[in-house]
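Trainee: I'd like a close look at one spot in this model, and then I'd like to see how it fits with the rest. Could you take me through it?

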Amino acid sequence: MATTGVIMLLFLIVHMAGNLKIFFGPTDFNGYAHWLRTIGEPALHYSWYLWIQRVVLLGCLVAHVVSAIQLTHRDIHARPQRYRSKRPWRATFATNTMRYGGVIIALFVVWHILDLTVGAVNPRGEAGHPYQNVVADFQVWWIGLIYVVAMLALCLHIYHGFWSAAQTLGANNAARNVAFKTIATILALVITVGFLSVPVAVMTGLVS
Amino acid sequence: MNLTLRIWRQPNADAEGQMVTYQVADVSGDMSFLEMLDILNEDLILRGEEPVAFDHDCREGICGSCGMVINGQAHGPERTTACQLHMRHFADGDVIDIEPWRAGAFPVVKDLVVDRSAFDRIIQAGGYITAPTGTAPDAHAVPVPKPDADTAFENATCIGCGACVAACPNGSAMLFTSAKINHLNVLPQGQPERESRVLNMITTMDEAGFGGCTNTGECAAACPKGIPLASIAKMNREFLRATRKAGR
Ligand code: HEM
Ligand code: SF4
Ligand code: FES
């Protein structure tokens, strides 16, 4: 879970940064989307890089989710009986909601691909015009809401997930613990704010 | 002070258990939690009822026998063992819930007593060193760097009480197992079994039915000996190292 999570996190950082190009206008953003498909040329053909990335990310997502299901299944069996008295939780909200947040994000990814890659659920859904598609999206309030809820779930998921991966991969120790928690907080906030800036900008009319 | 206790009563491993309410009167703040239970048990015996079964031995916080969940917290509200928990941390009129450790790998034997032999199996799988027989070696024969000695001692304080498993929402034994592995793996005496120790102990831990770690941190917060969460990261590092070496 840690390895696949870190790979997906790297993608998210690049994806978030790329999305910010929307603030430079339709020509820049659509040009950027076109360029994405030319990565690796002439060694790779048009769109090949994108397909390689899709295969890698899909592999990571499937492995991540399958491990999560196996782990949850095992953990439920390891604690068959509950305590009668209420336990005062010491873990953070983010830690306790990893499973629910993960489900929200997984559903979001399906929606998101049908929306901005396939175009099937996009109000406009015109291939080659991602700028116009994004703007059309967030002019509908409930589509904006889907994105906002998913990004908040993502924020919590990264906050616990990044530090947890450092534990699992054995990279953490007593001296580095504060550093890893700080990086996790910064990553979660930067990624969330960066992603959220796009729907918020469209909804407030800054990008149109 | 006068207290109301709600205690898990279960006559044997196969029986259905339930919470039963008892009153104890005239509890002094200087009593330990176990002494308070002794008072209740004397009372129950006089009334011809079955006393509450609970594990205990040293009563000084070093043997790790006295596991019980008090008001939802392993070993109760203070960071110590139940035998070292004093009644002054409670107030007159309090209602106190007492339950056994809950984990699939720790089945209830009777009342508050659980079978913790899964821990013994983990120790048998690698919690030892190979030492030559003969006369005792010179104390200075094997130098140990100070930071390593500190790490070893910190992990060696684990008393195997099982509070980490009881507190973990996943019933995971990672904190206990990591303490036992790190204790020996950092010392020169532990080197011959460094890889087999971590591989065998983790395999045995998994086979015993303990859950997987999701880094909730509940274990370290409940541990009466303050074994840190970093011990788990260190064990994971040892595990990755051992699997790499085993692959070669
Ligand atoms: C407000 C937030 C987001 C916006 C505005 C956004 C926008 C976009 C756009 C416009 C594309 C299409 C790019 C193109 O075809 O050239 C895209 C693709 C993609 N997005 Fe997002 N995205 C957001 C958040 C996320 C999040 C949080 C994830 C993952 C958890 C994600 C995962 C993906 C993936 C996997 C693709 C690529 C699909 C493919 O291979 O074509 N996105 N996004
Ligand atoms: S790690 Fe702490 S809580 Fe777990 S068995 Fe050892 S002393 Fe008890
Ligand atoms: S009875 Fe030994 S630790 Fe409590």
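Trainee: Let's zoom in on A:Arg124: how much relative accessible area does it have, and does that make it buried or exposed, or something in between?

Mentor: Before anything else, keep in mind that this is a predicted model. A:Arg124 has a relative accessible area of 42%, so it counts as partly exposed. The reasoning is short: buried would need a value under 20% and exposed one over 50%, so 42% lands in between.

Now for its partner. A:Arg124 pairs with A:Glu126 in a salt bridge, where the closest N and O atoms are 2.8 Å apart. A:Glu126 is partly exposed too, because its relative accessibility comes out at 33%.

A:Asn122 makes a useful contrast. You'll find A:Asn122 in the loop that runs between α5 and α6 (130-138) of chain A. With a relative accessible area of just 7%, A:Asn122 is buried. Its side chain makes a polar contact of 2.7 Å with the side chain of A:Asp115.

Let's step back to the chain that holds these residues. Chain A has eight helices and zero strands, so don't go hunting for a sheet, because strands would have to show up as DSSP runs of E. The C-alpha atoms of chain A fill a box of roughly 60 × 40 × 35 Å along the principal axes. Of the 208 residues in chain A, 38% are buried.

Next, ligand 1. There are 21 residues around ligand 1, and A:His15, A:Arg37, A:Arg54, A:His112 and A:Thr117 come nearest. Three side chains are worth clicking on. A polar side-chain atom of A:Arg54 sits 2.5 Å from an oxygen atom of ligand 1. For A:Arg37, an N or O atom of the side chain is 2.8 Å from a ligand 1 oxygen. For A:Thr117, the distance from a side-chain N or O atom to an oxygen of ligand 1 is 3.3 Å. As for the elements involved, α1, α2 (26-36), α5 (98-117), α7 (141-168) and α8 (177-203) of chain A each give two or more residues to this shell. The top contributor is α5(A), with six residues. Sorted by class, the shell around ligand 1 has 15 nonpolar, four polar and two charged residues.

Ligand 2 takes you over to chain B. It is surrounded by 14 residues, and the closest are B:Cys158, B:Cys161, B:Gly162, B:Cys164 and B:Cys223. Helices α4 (163-167) and α5 (174-185) of chain B each supply at least two residues of that shell. By class, the shell around ligand 2 splits into eleven nonpolar, two polar and one charged residues.

Back to salt bridges, then, since that's where your arginine started us off. The structure holds 17 of them over all chains. One of them joins the side chains of A:Arg74 and B:Asp206, at 2.9 Å from N to O. That pair crosses between chains, running from helix α3 (residues 48-78) of chain A to helix α6 (residues 194-207) of chain B. A:Arg74 is partly exposed, at 30% relative accessibility, and B:Asp206 is partly exposed at 36%.

Inside chain B, B:Arg197 and B:Glu193 meet through their side chains in a salt bridge of 3.4 Å, N to O. Here the setting is buried: B:Arg197 has a relative accessible area of 1%, while B:Glu193 counts as buried at 10%. Also in chain B, a network of salt bridges links B:Asp43, B:Arg47 and B:Glu49.

One last thing to look at is on the surface. A:Val6, A:Leu10, A:Ile13, A:Val14, A:Leu169 and B:Leu240 form a nonpolar patch there, with about 460 Å² of accessible area together. Helix α1 (residues 2-19) of chain A gives the most to this patch, with four residues. B:Leu240 belongs to helix α8 (residues 230-247) of chain B, and it counts as partly exposed at 34% relative accessibility.

So, returning to your question: A:Arg124 is partly exposed at 42%, and A:Glu126 is its salt-bridge partner.

How values were computed
Residues numbered from 1 in each chain as written. Chains lettered and ligands numbered in written order. Predicted model: local features only at pLDDT ≥ 70, side-chain atom pairs only at ≥ 80, totals over all residues. Heavy atoms only, no water. Patch = residues over 30% accessible without salt bridge, like charges linked within 9 Å, V, L, I, M, F, W, Y side chains within 5 Å. Areas by Shrake-Rupley, 256 points an atom, 1.4 Å probe, with all protein chains shown as cover. Salt bridge = Lys/Arg side-chain N within 4 Å of Asp/Glu carboxyl O. Buried < 20%, exposed > 50% of the residue type's maximum accessible area, 1.4 Å probe, protein only. Near = heavy atom within 4 Å. Nonpolar A, V, L, I, M, F, W, Y, C, P; charged D, E, K, R; others polar. Polar contact = N/O pair within 3.5 Å; in protein donor to acceptor, adjacent residues only side chain to side chain.
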